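Work through the following exercises with the model open in a viewer. Each task is followed by a solution in steps.

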Amino acid sequence: MAVKYVMEPFRIKMVEPIRILTREEREAAIKEANYNVFYLRSEDVAIDLLTDSGTNAMSSEQWAGLMRGDESYAGSSSFYKLMEVTDRLFGYNYVQPVHQGRAAEKVLFPLLLKEGKVAISNMFFDTTRAHVELTGGRAIDCVTPEAREVQSKVPFKGNMDLPRFKELLHEYEGRIGVVVMTVTNNSAGGQPVSMANLREVSALCKEHSLPLCLDAARFAENAYFIKQREEEFTDSSIEDIVHEMFQLCDLFTMSAKKDAILNIGGLVGAKDNEELALKLKANVISFEGYSSYGGLAGRDLEAMAIGLLEGIDEQQLHYRIGQVEYLSALLEKEGIAHQSPAGGHGLFLDAKALLPHIPYYEFPGQALAVELYLEAGIRGCDIGSYMMGNDPDTLEQIEAEFEFTRLAIPRRVYTQAHLDLIVEAMKNIRDRAASIKGYRIIWEPPILRHFQAHLEPLE
Ligand SMILES: *Cc1c(COP(=O)(O)O)cnc(C)c1O
């Protein structure tokens, strides 16, 4: 399948130089970083694909918006501009800015969950899972089994597993505090959820009187996939698809550092539950700031109002998803396995397939991430057994469902030549894959170890 690179729908008028280190300098830098990419200094990285969160390039309109931002403590005009946009896109009675996605989780989840309660999702993102557990509740993943067939070309690998979901509704009757639909499904490889699946989950939640919350970090990418892959929506606008997605839910949390093309920001919303909205507002005022700014500066609200609309622009989405599809097609031609069809925000390399000689407890996803840095200064990260950590009860190493090395693509930051370089690096790594060694952890913190652990290459 030949995929043509989609031309950037913008011109570049500000640049940031990249520093290229020698192989020897990179070897020293990664050793100094304890073979943990989170400890690398960004100036030692040539192509930074650690995350697409907050690493986006804002437009000239957004930068102009920063200058227009109204910094009034209460009732800022930038807040009202943002509310006009969120009204139009989502149609919720109550929407509230917060400083980022996890802040939305922090103010919402304690209102729905407590010890003994459970939350069910097509797959929880790591901070979302953490905020469920911080309330004393339990987070249960329920993704379609198709997500695990890494090389099968199924269009909506992010879906909720409906038969299993029905069983869970029965099994946990009376104990379910909230159902969460993550769009796109980040942990399964940026895979989309279909409107058909969302409609069924919504109907089941109504039947059981359960609130349905959209974890909407990549709502625009998900809407684009629905338009591309679900026949009913071929002629719909992205805006109409977004509106229907939100209307099928009762609540939403959003990290605006993704599809709203910002460097910082988030939102939380309730469609028509006035009582919950009042409690949310009280939490925001206690933890984040007054409700008309929610922990952000007025200029951030202004940039978000502009970014939300740029984020749903079809041309921008065509280019954005096109970049990932381009990378996927080139890698497929080289026989380099990855979650496919490619997801929205990045490419998830199948480290298990590339490095079959490295067992899960020697972290193939991490080994590949280090190798990409050594080869070409590319920084990705492990989404596999290294990140998963240990079983909290036995402290035994857990084998993850996936062994991915994720290459997240920041929005509007890298060009075709950068993507070509990733493919060249991967070809070289593939050719010497058999000689690549696994890793051992020599120090780790009690939780979220991937951010802080120290590692050592095995001989
Ligand atoms: C990034 C993300 C979050 C958390 O948002 P932050 O802005 O990083 O706090 C929650 N859910 C999903 C699906 C995400 O991708």
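Two residues are in contact, or touch, when they have heavy atoms within 4.5 Å. The model is predicted.

**Exercise 1. A serine in a helix**

Task: Find which residues S202 touches, not counting residues up to four places away in sequence.

Solution.
1. Start with the location: S202 is part of helix α7, residues 195–207.
2. Check its exposure. The cut-off for buried is under 20% relative accessible area. S202 has 4%, so it is buried.
3. Apply the contact criterion. Leaving out residues up to four places away in sequence, S202 touches L212 and L248.
4. Look at the polar atoms: the S202 side chain comes to 2.8 Å from the backbone oxygen of L248.

**Exercise 2. A buried aspartate**

Task: Determine which side chains make polar contacts with the side chain of D52.

Solution.
1. Locate D52 in the loop between β1 (47–48) and α2 (60–68).
2. Read its relative accessibility, which is 0%, so D52 counts as buried.
3. List its contacts beyond four places in sequence; among them are R218, K257, K258, R320, H345 and R411.
4. Pick out the polar contacts between side chains. One joins D52 to R218 at 2.9 Å, and another joins D52 to R411 at 3.0 Å.

**Exercise 3. The ligand and its shell**

Task: Describe what surrounds the ligand, and state how much of its accessible area the protein covers.

Solution.
1. Take the shell of 15 residues around the ligand; those that come nearest are Q100, R102, D215, S255 and K258.
2. Assign the shell to helices. α4 and α5 (126–134) each supply at least two residues, and α4 gives the most, with 3 residues.
3. Find the polar atoms facing ligand oxygen atoms. For R102, a polar side-chain atom is 2.7 Å from a ligand oxygen. For S255, an N or O atom of the side chain is also placed 2.7 Å from an oxygen of the ligand. For G101, a backbone N or O atom lies 2.9 Å from a ligand oxygen.
4. Finish with the cover: on its own the ligand has 380 Å² of accessible area, and the protein covers 97% of that.

**Exercise 4. The buried sides of two helices**

Task: For α10 and α5, decide how the buried residues are arranged around the helix axis.

Solution.
1. Set out α10: this helix runs over residues 274–287, has 14 residues and spans 20 Å from first to last C-alpha, close to the 20 Å expected.
2. Mark its buried residues, L276, A277, L280, N283 and V284. Viewed down the axis of α10, the buried residues lie within an arc of 125 degrees, so they line one face of the helix.
3. Turn to the face away from the buried side of α10, which carries the exposed residues E274, E275, L278 and S286.
4. Identify the cover over the buried residues of α10; it includes β2 (94–98), α4 (101–108), β7 (251–255) and β8 (266–270).
5. Repeat for α5, where T127, T128, H131 and V132 are buried. These residues cover an arc of only 145 degrees around the axis, which puts them on the same side of α5.
6. Name the cover here too: α4, β3 (118–121), β4 (138–141) and β6 (212–215) are included.
7. Check what comes after each helix. Just after α10, G289 has a positive phi of about 145 degrees; α5 is followed by G136, with a positive phi near 95 degrees.

**Exercise 5. Backbone exceptions**

Task: Find where the cis peptide bonds V183 to T184 and S340 to P341 are placed, and decide whether S209 and I261 are buried or exposed.

Solution.
1. Recall the background: most residues other than glycine have a negative phi, and most peptide bonds are trans.
2. Take the bond between V183 and T184, which is cis with omega about -20 degrees. T184 sits in the loop between β5 (176–182) and α7.
3. Take the bond from S340 to P341, cis with omega near 0 degrees. P341 belongs to the loop between α12 and β9.
4. Turn to phi. S209 is not a glycine, yet its phi is positive, about 50 degrees. I261, also not a glycine, has a positive phi of about 55 degrees.
5. Place them: S209 is in the loop between α7 and β6, and I261 is in the loop between β7 and β8.
6. Compare accessibility. S209 has 64% and so counts as exposed, whereas I261 has 0% and so counts as buried.

Notes. Residues numbered from 1 in each chain as written. Predicted model: local features only at pLDDT ≥ 70, side-chain atom pairs only at ≥ 80, totals over all residues. Heavy atoms only, no water. Helix = DSSP H or I, 4+ residues; strand = E, 2+ residues; numbered from the N terminus. Expected span 1.5 Å × (residues − 1). Buried < 20%, exposed > 50% of the residue type's maximum accessible area, 1.4 Å probe, protein only. Arc of directions from axis to C-beta. Near = heavy atom within 4 Å. Polar contact = N/O pair within 3.5 Å; in protein donor to acceptor, adjacent residues only side chain to side chain. Areas by Shrake-Rupley, 256 points an atom, 1.4 Å probe, with all protein chains shown as cover.
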